[in-house]
Amino acid sequence: MIKFDNISKRYADGQEALVDVSFEVSRGELAFITGHSGAGKSTLLKLILAIESPSSGQLIANGINLSRISSKQIALHRRQIGTVFQDHQLLHDRSVFDNVALPLEICGYHPTDAGRRVRAALDKVGLLKKEKSFPAALSGGEQQRVGIARAVVNRPRIILADEPTGNLDPALSREVIEVFEQFQSVGVCLLVASHDASLVERLNCRTLVLDSGRLIADQKPRPDS
Amino acid sequence: MSVSKRSQAAAPKPQVKSRPKPNTRVGRNESFSDLLQIHRRLAKNSGRRLVQTPVSSFITVFVIAVSLLLPALLFSLNSNLTSVLAGFEDSAQVTLYLHAGISDADAKEVSNDLLSLETMNYASYISPAQALDEFGTATGLENLLQEMASNPLPGAIVVTPANVSPTAVDDLVRQLQDLPEVDLVQIDSRWLQRLAAISELVGAIGRVLSLIVILGLFFIVGNTIKLAVENRKAEIRVIKLVGGSDMFAARAFLYTGLFYGLGGGILAIALQGIVLVTFNSSLEALMQLYEGDFQLRGFSLANGLVVVLAGATIGWTAALLTSLRHIRGISP
Ligand SMILES: Nc1ncnc2c1ncn2[C@@H]1O[C@H](COP(=O)(O)OP(=O)(O)OP(=O)(O)O)[C@@H](O)[C@H]1O
Ligand SMILES: [Mg+2]
C-alpha cells in the first residue's frame, strides 16, 4: 500500500529531512513512526500526501507513483487518504459537524448520507455533543479528535496520523488507538507518527524509528502477546 | 479486508461503476434537489460574507454600476435617436423652387410628370399665390401682404422621394436640378441625415466603450476576488489537504462574483433611471419649443435586462477565472 524506495528529502534551504529511507507498509497494517523532534516524521507523512515531493528515490502509495503525479491526480489521491495533522488544520469558520463533513462534501455525498457518517465518526471520538461548536471553542484535545473524525469519516484506504494523541490523556489516547485498530481490522493501512514512547511500547505494533532523517530500526511486533 | 465493510466504504471507482445503476447513486449527490441544496448554501455563505463587509462590498458594486452605466446610457441615447429617425423616415421632403414667370399650368404639368416617376411618392404644386397665403396666415401679416403690388414668392413643387437613403436623395436632387423650370432644389430633411450619422457614431462609441468596460469590470471583479482568495488562504489550504480540487475551492467565490455583477447591474439601472428622469424634464421644456411631444425612452425592460445579465455574466466569469488562477498558486 505504501512503499518507500531509497527516499531522500532535502528542503529548499538545504535541510536534509530524510536520508535514504526504504520500507513498506501493507494493507491491514498499523505502523508507528517514532523519533526525536525534527527526525523527519512529519516530512515522511507529507511525502505520502504529495504535499512535498521526494528529492530522490521512488515512492508508491495506493498504487500511484508519487514522483510522477499531476496536480489533478493529487486531489484524487488525497481523497483516498484520511489524515490527522499535527496542527489539526481545521476550518475555524465552520462548525465541528461541517469540518468533519468536508471530505464527504468534496466527494459529493448525499447530505443525509453524509450526516449519518459524520455523526458516526464524531461518536467514535466521543464528540457527538459538540457537533455544533466551533473549533475555537474546543480544547486542544477536542480539536485533535475532530481532526481524527475527519480523517476516518470517508472510510479511506490509508490513514496517516501525525501525533494524534499529542494532546490527549492516557484514557482518550487508548480510545483513539482502538478506533485505529478497528480500521486496521477491516484492511485499512495506518501510519502513525508519535513520540509518545510509552504508548508505542505498550501497544506492541510495528515501529519505524527515525533518527536525523535515517531509518535506524524497523521493529516488528513481538509475537508473544 | 472484510467484504462487508469494504462495500460500504468509499470504494475504488471501478467497483462502483460495475454495480447496477441504482446503487451508483447511493451516497452521491446527483439529484437536482441535492444540487439545489448545495448551491443555496454556497449562495447564502457568499451573501453573508458580502454583508459582513458592507462598505467595501458597496464600493465594489458602485464602481461596477458606474462602469455599466456609461455604455448603457449611450445605447439608450442611440435607441432614442433611432426611434426619432424611424418616425421621420418616410418624410424626406424636397422642395423645388421654380423660376419666376413659369405659368401655373406649366408648373402643374411638371408636377404631374414628376408624380408619374417611379422614384417619387408624392408631388404637389404650390402656386405663388398659395405660398403668399400660407405665409400670411403663418406670420399674421395678411393685411400687409395684401397691400404689396407684386408677389415676391416663387412657385414651388414639394416632392417626397420613394427612396430616402442619403445617396438616393442626392441622386434625385442632381436630376431635378437639371430640369429647366427649376431654379433651386432644397432638401428639407438634411438634418435627419445628420442625425442618422450622429446616431451611427454614438452606436460605434458605445460598442468600443462596452469592450473597454468589460475589460475594466474583469479587472475590478478579478482584483476583488483575488483579495477574497487571499483572505481565505488558510481555508483553501485545508480543502486542498483533504483532497478538494481547485474547482471545489473556487465554488465559494463564484457566487461572490455573481452577486457583485448582479448588484452592479441593478444599481446601474437605478442610476440610469435617475439620469433619464433628470434629463426628461429639461428635454420636455426643449420639446415644447418645437411643439413636439417627444419623451426619452430607453427604460425598456429588455434594456435593463441586458445590463443586469451583462453584469452577472462578467462577474461570474471573472470570479471563475481569477479564483482558479489564484487557488492554483496556493500549496498546502
Ligand atoms: N518546509 C520546510 N522547510 C525547510 N526545512 C523543513 C521544513 N519542514 C521541516 N523542515 C526540517 O526538516 C526536519 C524534519 O522536520 P519534521 O517536521 O519532519 O520533523 P518531525 O519529526 O515531525 O518533528 P516533530 O516531532 O517536532 O514534529 C527538521 O529539521 C525541520 O527543521
Ligand atoms: Mg512533526
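These legends go with close-up views of a predicted model, starting at the ligand and moving out to the sheet.

**View 1. The residues around ligand 1.** Welcome to the binding site: the shell around ligand 1 holds 14 residues, and A:S37, A:G38, A:K41, A:S42 and A:T43 come nearest. Sorted by class, this shell has nine polar, three nonpolar and two charged residues. Among the secondary-structure elements, helix α1 (residues 41-48) of chain A gives the most to the shell, namely three residues.

**View 2. Backbone atoms facing the oxygens of ligand 1.** Here we look at three residues, A:G38, A:A39 and A:G40, whose backbone polar atoms sit by ligand oxygens. For A:G38, a backbone N or O atom is 2.8 Å from an oxygen atom of ligand 1. A:G40 places a backbone N or O atom at 2.9 Å from a ligand oxygen, and for A:A39 the distance from a polar backbone atom to an oxygen of the ligand is 3.2 Å. On its own, ligand 1 has 630 Å² of accessible area, and the protein covers 69% of that.

**View 3. The four-stranded sheet.** In chain A, four strands make an open sheet, in the order β2-β1-β4-β5, with antiparallel pairing. Its edges are β2 (16-25) and β5 (64-65) of chain A, each of which pairs on one side only. As a reminder when tracing the strands, those of a sheet pair through backbone hydrogen bonds, either parallel or antiparallel.

**View 4. Strand β1(A) and its two partners.** Strand β1 (residues 2-10) of chain A runs antiparallel to β2(A), and six bridges join the two. To find your place along this pair, look for A:R10, which stands opposite A:E16 of β2(A). The strand β1(A) is also joined to β4(A), by five bridges and again in the antiparallel sense. On that side, A:K3 stands opposite A:I60 in β4(A).

**View 5. Helix α1(A) across the sheet.** The helix that contributes three residues to the ligand shell turns up again here: α1(A) lies across β1, β2 and β4 (56-61) of chain A. Relative to β1(A), the helix runs at about 120°.

**View 6. The hairpin of β4(A) and β5(A).** Finally, have a look at the turn where two residues lie between the strands β4(A) and β5(A). These strands pair antiparallel over two bridges, and A:A61 has A:I64 in β5(A) as its bridge partner. Within this hairpin, A:N62 takes a positive phi near 55°.

Note on methods:
Residues numbered from 1 in each chain as written. Chains lettered and ligands numbered in written order. Predicted model: local features only at pLDDT ≥ 70, side-chain atom pairs only at ≥ 80, totals over all residues. Heavy atoms only, no water. Near = heavy atom within 4 Å. Polar contact = N/O pair within 3.5 Å; in protein donor to acceptor, adjacent residues only side chain to side chain. Areas by Shrake-Rupley, 256 points an atom, 1.4 Å probe, with all protein chains shown as cover. Nonpolar A, V, L, I, M, F, W, Y, C, P; charged D, E, K, R; others polar. Pairing = 2+ DSSP bridges. Contact = heavy atoms within 4.5 Å. Axes fitted to C-alpha atoms, helices over the stretch in contact; angles between N-to-C directions.
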